[in-house]
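Here's a quick briefing to read alongside the model. Keep the viewer open and follow the points topic by topic.

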Amino acid sequence: MSGNPYQDDRGNTDASVTNPHGQGRLTPAGTQPNPMPGKQGPFLVGENMTGGYGKTGPDILHDCTIEVERGEIAVIVGPNGAGKSTAMKAVFGMLDLRQGRVLLDGQDITQLTPQARVRHGMGFVPQTSNIFTSMTVEENLEMGAFIREDDFRSSMEQVYELFPILREKRNQAAGELSGGQRQQVAVGRALMTQPKLLMLDEPTAGVSPIVMDELFDRIIEVARTGISILMVEQNARQALEIADKGYVLVQGANGYSGTGKELLADPDVRRSFLGG
């Protein structure tokens with residue numbers, strides 16, 4: 001054991017979720033590893049967001065604010081029905097805001113479509129239906145490069161270094177993979193767009209605890225390259241352990257916020273949302 005959580009397998013014997021070579025080398029477009037935060041505040045700001053689904057549907061979000069610094073892992077947790085995934089979809093432009101705005105790197109992108117937000121540096125991995133099951137692993141990654149006009153082979157190599165099992169199974173249909181491997185394909189495809197912000201909606205849903213730990217390790221590696229991470233997670237305690245910043249949503253509004261460590265130590269948060 002080296003003592004380095006990015007190199008040790010931490011008792012995991014499933015090589016499909018382990019990167020034996022340690023930290024990856026992903027570099028988002030237009031950035032350098034570990035860049036300094038911009039001068040215009042947090043890299044992502046979803047400010048005072050209020051809205052719901054449809055033109056006449058009830059509001060699900062109520063004056064909700066989410067901020068993420070560059071290279072930071074921010075986690076949204078809360079009970080079922082709290083609006084966690086809705087907040088992420090609002091940031092990505094999948095529902096109209098009746099109030100509030102979304103800023104990315106100081107630019108107001110509130111009126112942009114999700115497709116346009118991808119071109120501005122957002123990557124989004126939904127909880128379900130996040131891979132093309134009939135396509136091979138490599139074809140899925142190629143689909144992630146649909147906005148690229150440059151040679152994306154180096155990006156694909158970086159994804160294979162981050163998730164070595166995908167190289168081994170690159171010619172296999174993605175629908176034949178395990179749940180954890182499918183999630184790797186989904187994350188890898190999003191990384192092929194060279195995002196500056198990667199949004200993950202419950203990336204560990206339905207996977208074993210060992211696979212969950214290893215996926216979290218890979219997410220840490222991505223953040224260490226300077227890519228901002230915004231993640232919704234039901235496994236609140238484990239997610240907050242790796243979070244630089246955490247938000248607890250209650251009925252679509254900010255209930256608690258702070259660093260991951262602060263929320264884990266907060267007796268009200270522990271009692272109400274973490275099982276004591």
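This is a predicted model, and the mean pLDDT (the predictor's confidence in each residue, from 0 to 100) of the chain is 87, with 85% of its residues at 70 or more. Local features here need pLDDT of at least 70 and side-chain atom pairs count only at pLDDT 80 or more, while totals for chains, interfaces and linings use all residues. Residues are numbered from 1 along each chain as its sequence is written, and side-chain values use heavy atoms, with hydrogens and water left out.

**Confidence**

- Residues 1-25 have pLDDT under 50 throughout, and the model gives them 44 contacts (heavy atoms within 4.5 Å) beyond four places in sequence.
- Residues 29-39 also stay under 50, with 14 contacts beyond four places in sequence.
- Where pLDDT is low, the predicted coordinates shouldn't be read in detail.

**Overall make-up**

- The chain has ten helices and ten strands; these are DSSP runs numbered from the N terminus, with helices being H or I of at least four residues and strands being E of at least two.
- Of the 276 residues in the chain, 52% are buried; buried means under 20% relative accessible area, exposed over 50%, and partly exposed in between, using a 1.4 Å probe and protein chains only.
- Among contacts with a separation of 6 or more, 68% join residues 24 or more positions apart.

**Nonpolar cores**

- A nonpolar core here is a set of buried Ala, Val, Leu, Ile, Met, Phe, Trp, Tyr and Cys residues joined through side-chain atoms within 4.5 Å.
- The largest one has 47 residues, and Ile73, Leu166, Leu191, Leu198, Leu200, Ile229 and Met231 have the most contacts inside it.
- Helix α7 gives the most to this core, with eight residues.
- There's also a second, separate core of 29 residues, which includes Leu61, Met88, Leu104 and Leu197.
- Outside its neighbours within four places in sequence, Met231 touches Ala74, Val75, Ile76, Met88, Leu200, Pro203, Phe216, Ile219, Ala239 and Ile242.
- As a rule, nonpolar side chains in soluble globular proteins tend to be buried together.

**Pocket and cavities**

- On a 1 Å grid over the protein atoms alone, a cavity is a set of points where a 1.4 Å probe fits but cannot get out, a pocket is an open set with protein on both sides within 12 Å along at least five of seven lines, and lining residues have an atom within 4 Å of a point.
- Grid points are joined across faces, edges and corners, and a volume is the space filled by probe spheres set on the points.
- The largest pocket holds about 330 Å³ of space.
- Its lining has 18 residues, with Val118, Phe124, Phe146, Arg189 and Thr193 nearest the centre.
- α2 (114-119), β6 (122-125), α3 (137-144) and α6 (179-191) are the elements that give two or more residues to that lining.
- By class, the pocket lining has eleven nonpolar, six polar and one charged residues; Ala, Val, Leu, Ile, Met, Phe, Trp, Tyr, Cys and Pro count as nonpolar, Asp, Glu, Lys and Arg as charged, and the others, Gly among them, as polar.
- Two cavities of 30 Å³ or more turn up in the structure, and the second largest has about 50 Å³ of space.
- That second largest cavity is lined by Phe163, Gln183, Val187, Pro203, Leu215, Arg218, Ile219 and Val222.
- α7 (209-224) and α6 each supply at least two of these lining residues, and α7 has the largest share, with four.

**Val77 and Glu233**

- Val77 sits in strand β3 (residues 73-77) and is buried, with a relative accessible area of 2%.
- Its contacts beyond four places in sequence are Lys84, Glu233, Ala236, Tyr247, Val248 and Leu249.
- Glu233 lies in the loop between β8 (228-232) and α8 (236-242), and at 1% relative accessibility Glu233 counts as buried too.
- Glu233 and Thr204 are 29 residues apart in sequence, with 7.6 Å between their C-alpha atoms.

**Positive phi**

- Most residues other than glycine have a negative phi.
- Gln194, in the loop between α6 and β7 (197-201), has a positive phi of about 55 degrees.
- Gln251 has a phi near 50 degrees; Gln251 is in the loop between β9 (245-250) and β10 (253-258) and is exposed at 65% relative accessibility.
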